[in-house]
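Take a moment to turn the model around on your screen. Where might you begin looking?

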Amino acid sequence: MKTNDIKKGTNIRTKQLGVSVSGIMMDNLKGNTRLIKTFGSEIGMFDEVGSVYSTDIIMAENSEGIWEDVEHTDKQTKDADFRRLAGF
């Protein structure tokens, strides 16, 4: 599944908090950032809604309830590489 194919309400797994946590997609947009609700309470942090880089979305649940790895576009991967070089 590609990040641009993930629709609002889809269950996801993200890594923006340093470890994998679950969340729910909150928008239908495409691009380098997406709006999600993250369940940080799984690791002792707060649940919150906010923007994350698409490359931080690592898995998504398809319509059949099966978890799939997320594929990122070349542009999303290049932007992630640039952020790593800049220290983010």
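Helix H1, which covers residues 74–86, contributes four residues to the lining of the largest pocket, the most of any contributor. Keep in mind that you are looking at a predicted model.

Let's go around that pocket. Its lining is made up of Lys15, Tyr53, Thr55, Asp56, Thr77, Ala80, Arg83, Arg84 and Phe88. Sorted by class, these lining residues are four charged, three nonpolar and two polar. How much space lies in the largest pocket? The answer is about 180 Å³. Rolling a probe the size of a water molecule over the atoms is a way to show where empty space is left.

Two of the lining residues, Tyr53 and Arg83, deserve another look. Arg83 lies over the face of the Tyr53 ring, 3.6 Å from the ring centre. As for aromatic pairs, a search of the whole structure finds zero.

Now move to strand S5, residues 57–61, where you will find Ala60. Is Ala60 buried or exposed? Ala60 counts as buried because its relative accessibility is 0%, and the cut-off for buried is under 20%.

What is Ala60 in contact with, once its neighbours within four places in sequence are left aside? Some of its contacts have low residue numbers, among them Met1, Ile6, Thr10, Asn11 and Ile12. Ala60 is also in contact with Ile66, Trp67, Glu68 and Val70. Try finding Lys2 as well: Lys2 and Ala60 are 58 residues apart in sequence, and their C-alpha atoms are 9.2 Å apart in space.

Definitions and conventions:
Residues are numbered from 1 along each chain as its sequence is written. This is a predicted model: local features need pLDDT of at least 70, side-chain atom pairs count only at pLDDT 80 or more; totals for chains, interfaces and linings use all residues. Side-chain values use heavy atoms; hydrogens and water are left out. Rings of Phe, Tyr and Trp (its six-membered ring) pair if their centres lie within 6.5 Å; planes under 30 degrees apart count as stacked, over 60 as edge-to-face and the rest as tilted. A charge sits over a ring if NZ of Lys or CZ of Arg is within 6 Å of the ring centre and within 35 degrees of the ring normal. Helices (H or I, at least four residues) and strands (E, at least two) are DSSP runs, numbered from the N terminus. Buried means under 20% relative accessible area, exposed over 50%, partly exposed in between (1.4 Å probe, protein chains only). Contact means heavy atoms within 4.5 Å. On a 1 Å grid over the protein atoms alone, a cavity is a set of points where a 1.4 Å probe fits but cannot get out, and a pocket is an open set with protein on both sides within 12 Å along at least five of seven lines; lining residues have an atom within 4 Å of a point. Grid points are joined across faces, edges and corners, and a volume is the space filled by probe spheres set on the points. Ala, Val, Leu, Ile, Met, Phe, Trp, Tyr, Cys and Pro count as nonpolar, Asp, Glu, Lys and Arg as charged, and the others, Gly among them, as polar.
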